[in-house]
Amino acid sequence: MNTMDAVVNAANAAGRVVRAVITRAPVRVTEEVKAERLRECVQRSGQCFDAESGRCRVCLCFVKLKAGLATERCPKNFWPEIR
Ligand code: SF4
């Protein structure tokens, strides 16, 4: 994945947030869910998670930001389902 792919990913993520706002769907997850998601990422430091940059090596997203959004999913399905 290159920088252009990362830009496209970020634009798509922003589009999902806008769509959620328009349709009044949840935009944010609870702090508990966000923490669970981040735990999954951190457990994979050196694998799919780059701890130095704080980015996912698969989608290049900044996981602290991504993990808080209900509109986002882990590209490897490592995150727990939203309850
Ligand atoms: S693949 Fe999933 S678990 Fe791994 S860093 Fe990306 S979002 Fe986190």
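Trainee: What does Arg24 do just after α1?
Mentor: Just after α1, Arg24 takes a positive phi of about 60°, and it does so although Arg24 is not a glycine. Bear in mind that this is a predicted model, so every value we discuss is computed from it.

Trainee: Where is Arg24 found, then?
Mentor: Arg24 is found in the loop between α1 and α2, the latter covering residues 31–42.

Trainee: Buried or exposed?
Mentor: Arg24 is exposed, because 7 other C-beta atoms lie within 10 Å, and the exposed class takes in residues with 12 or fewer.

Trainee: Which other residue has a positive phi although it is not a glycine?
Mentor: Asn77 has one, again of about 60°, and Asn77 lies in the segment after α3, the helix of residues 63–66. With 8 C-beta neighbours inside 10 Å, Asn77 also counts as exposed.

Trainee: Back up a bit. What pattern does the protein follow along the sequence?
Mentor: Read from the start of the sequence, the order is α-α-β-β-α, which amounts to three helices and two strands.

Trainee: And what about α1, how far apart are its end C-alpha atoms?
Mentor: They are 29 Å apart, and this agrees with the 28 Å that the 20 residues of helix α1, residues 3–22, should span at 1.5 Å a residue.

Trainee: How many of the residues of α1 are buried?
Mentor: The number is zero out of 20, so α1 lies largely in the open.

Trainee: Can we go through some residues of α1? Which class does Asp5 fall in?
Mentor: Asp5, which lies in helix α1, counts as exposed, with 11 C-beta neighbours inside 10 Å. In space, the C-alpha atoms of Asp5 and Val33 are 27 Å apart, with the two positions 28 residues apart in sequence numbering.

Trainee: What about Ala6, what is it in contact with?
Mentor: Once neighbours within four places in sequence are left aside, Ala6 is in contact with Met1 and Leu60. Ala6 lies in helix α1 as well, but Ala6 is partly exposed, because 15 other C-beta atoms lie within 10 Å. The C-alpha atoms of Ala6 and Val63 are separated by 13 Å, the two residues being 57 apart along the chain.

Trainee: And Gly15, how far is it from Thr71?
Mentor: Measuring from C-alpha to C-alpha in the model, the two are 9.6 Å apart in space and 56 residues apart in sequence. Gly15 is found in helix α1 and counts as exposed, with 11 C-beta neighbours inside 10 Å.

Trainee: New topic: what makes up the largest nonpolar core?
Mentor: That core has seven residues in all, namely Cys41, Phe49, Cys56, Cys59, Cys61, Val63 and Ala67.

Trainee: Let me pick Val63. What is it in contact with?
Mentor: Setting aside neighbours within four places in sequence, Val63 is in contact with Leu38, Cys41, Phe49, Gly54, Arg55 and Cys56. Among these, Cys41, Phe49 and Cys56 are also members of the largest nonpolar core, as is Val63.

Trainee: Which residues are around the ligand?
Mentor: They are Glu40, Cys41, Arg44, Cys48, Phe49, Cys56, Val58, Val63, Cys74, Pro75, Lys76 and Phe78, so Val63 appears in this shell too.

Trainee: How does that shell split by class?
Mentor: The shell around the ligand has nine nonpolar residues, no polar ones and three charged ones.

Trainee: Last topic, the protein as a whole. What is its radius of gyration?
Mentor: The protein has 13 Å, which agrees with the value near 12 Å that a compact globule of 83 residues would have. Along the principal axes, the C-alpha atoms fill a box of roughly 35 × 30 × 20 Å.

Trainee: And what percentage of the residues count as buried?
Mentor: Of the 83 residues of the protein, 17% count as buried. As for contacts with a separation of 6 or more, residues 24 or more positions apart account for 55% of them.

Methods. Residues are numbered from 1 along each chain as its sequence is written. This is a predicted model: local features need pLDDT of at least 70, side-chain atom pairs count only at pLDDT 80 or more; totals for chains, interfaces and linings use all residues. A residue is near a molecule or strand if its C-beta atom, placed from the backbone, lies within 6 Å of it. A nonpolar core is a set of buried Ala, Val, Leu, Ile, Met, Phe, Trp, Tyr and Cys residues joined through C-beta atoms within 7 Å. Two residues are in contact if their C-beta atoms, placed from the backbone, lie within 7 Å. Helices (H or I, at least four residues) and strands (E, at least two) are DSSP runs, numbered from the N terminus. The expected span of a helix is 1.5 Å times one less than its number of residues. The radius of gyration is taken over C-alpha atoms; the globule rule is 2.2 Å times the number of residues to the power 0.38.
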